[in-house]
Amino acid sequence: MKELIKKFEQYQTPFYWYDMELLGNTLRVIKEESSKYGFQVHYAVKANANLKILKKIKEHGFGSDCVSGNEILRSAEAGFASDKIVFAGVGKSDEEINIGLENDIFAFNAESIPELEVIDELAVLKDKAANVALRLNPNLAASTHEYISTGLNENKFGINLMDMDEVLKVLEGLKNIKLCGIHFHIGSQITDMDNFKSLCDKVNGIQDWFESKNIKLEHINVGGGFGIDYENPDKNPIPDFKAYFKVFADNLQLRPYQQLHFELGRSVVAQCGSLVAKVLYVKNGVEKKFAIVDAGITELIRPALYKARHEIHNICSEEVREKYDVVGPICESADFFRKNIMLPTTKRGDLLAIRSVGAYGQVMTSRYNLRRIVEAHYSDDV
Ligand SMILES: *Cc1c(COP(=O)(O)O)cnc(C)c1O
């Protein structure tokens, strides 16, 4: 710990800190467990788009899953092969679709009939064939926060199953689209494996429907959403990928000619990142104290946006524990990290590590209040 504190003292706070060894170990486990079944994993770039992290993920042989044209360009910059890039999103602009076409990506995950028509129109102009997987809405309620549940019918994501006949009819007229598969993504931070088993059951039924129409789908993509242990980052630094992939191997009835794809974001990168902030002031309340730190919602918005609870460690103190609210400097009452958390006696100048923020942390930073853009440092920096 002492060495780490010394290292941290040379950096301007707040900053993101990435444990690259943990990332490497996580990637090795994912590779090992997915390879057992020949599954293809695409990393969901939106969780963390830092070039250094992308390059490391790419080195382990994974593809990428993008939700914007710029993420496709960033993936290409990091070295991801274009035939391993998938592109999802309900609102792909013409410019973004063109980026996908120009880069000959592996597949567009299309979410509506009007989107299919636009992809075809733009592909005709470029005299290209676009590989398309239909993002279907399985009408499943994943047990997670309402803002990160995406698989219900009345949801902006995906094509509803009741519209499928119409979709197939429209596709017949779209000559520059090649239907290569179906795609699902039921939500995020899902830790109950029964949700994924239910998804498999749904997919099996949908597969039968396609077969009854004599349509052969080469690719099934079950998205991401696998959750992590936010409460015990040190005890469970690597999610149980063995159990995760096994659920699909055991329950999904893959045809011999089919390949199964995953799009994992949070479970890959969340645990390797911490936000390190310095305590500016300690203020006495009635029954607790307030630790006011130099990071706020501008650096980490997850607690305000999703009521996310991140573990916080005071890395400079081992004194007796007291009750604190850890709050930021931004003029918003949602600008806090934790309320009523027990921390060792904390004083001005201490460094606090807010844990498990490698996913949906740094990528969501903003310049509200004209704050300085937060920097990242990596454990393998020399
Ligand atoms: C966000 C997203 C993912 C990744 O979700 P995680 O919960 O981070 O694994 C995968 N696929 C799609 C389509 C997404 O939007």
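In this predicted model, strand β10 (residues 259–264) is largely enclosed by the rest of the structure, because five of its six residues are buried. A good place to start, then, is with the neighbours of this strand. On one hand there is strand β2 (residues 40–44), which pairs with β10 in the parallel sense over four bridges. Within that pairing, His42 of β2 stands opposite Glu263. Strand β9 (residues 219–221) also runs parallel to β10, and three bridges join the two. Here Gln259 in β10 is the bridge partner of His219. The route from β9 to β10 leads through helix α9 (residues 241–251), forming a β-α-β crossover that is right-handed.

One residue of β10 deserves a closer look. His261 is found in this strand and has a relative accessibility of 4%; as the cut-off for buried is under 20%, His261 counts as buried. The side chain of His261 makes a polar contact of 2.9 Å with the side chain of His219. His219 thus appears twice in this account, as the bridge partner of Gln259 and as the side-chain contact of His261.

The ligand comes next. Its surroundings comprise 15 residues, of which Lys46, Ser188, Glu263, Arg266 and Tyr360 are the closest. Glu263, one of these, is the β10 residue that His42 stands opposite. Sorted by class, the shell holds four nonpolar, six polar and five charged residues. For readers interested in specific distances, an oxygen atom of the ligand lies 2.7 Å from an N or O atom in the Lys46 side chain. The backbone also takes part: a polar backbone atom of Arg266 is 2.8 Å from a ligand oxygen, and for Gly265 the corresponding distance to a polar backbone atom is 3.0 Å. The ligand taken alone exposes 390 Å², and 94% of that is buried by the protein.

Some backbone details round off the picture. Most residues other than glycine have a negative phi, and most peptide bonds are trans. Against that background, the bond between Thr13 and Pro14 is a cis peptide bond, with omega about -10°. Pro14 belongs to the loop between α1 (2–9) and β1 (15–18).

Positive phi values also occur away from glycine. Asp104, in the loop between α5 (94–102) and β5 (107–110), has a phi near 50°. With 48% relative accessibility, Asp104 counts as partly exposed. Asn340 sits in a strand, β15 (residues 336–344), and has a positive phi of about 55°. Its relative accessible area is 43%, so Asn340 is partly exposed.

Technical notes
Residues numbered from 1 in each chain as written. Predicted model: local features only at pLDDT ≥ 70, side-chain atom pairs only at ≥ 80, totals over all residues. Heavy atoms only, no water. Near = heavy atom within 4 Å. Polar contact = N/O pair within 3.5 Å; in protein donor to acceptor, adjacent residues only side chain to side chain. Areas by Shrake-Rupley, 256 points an atom, 1.4 Å probe, with all protein chains shown as cover. Nonpolar A, V, L, I, M, F, W, Y, C, P; charged D, E, K, R; others polar. Buried < 20%, exposed > 50% of the residue type's maximum accessible area, 1.4 Å probe, protein only. Pairing = 2+ DSSP bridges. Right-handed = clockwise from strand over helix to strand, strands pointing away.
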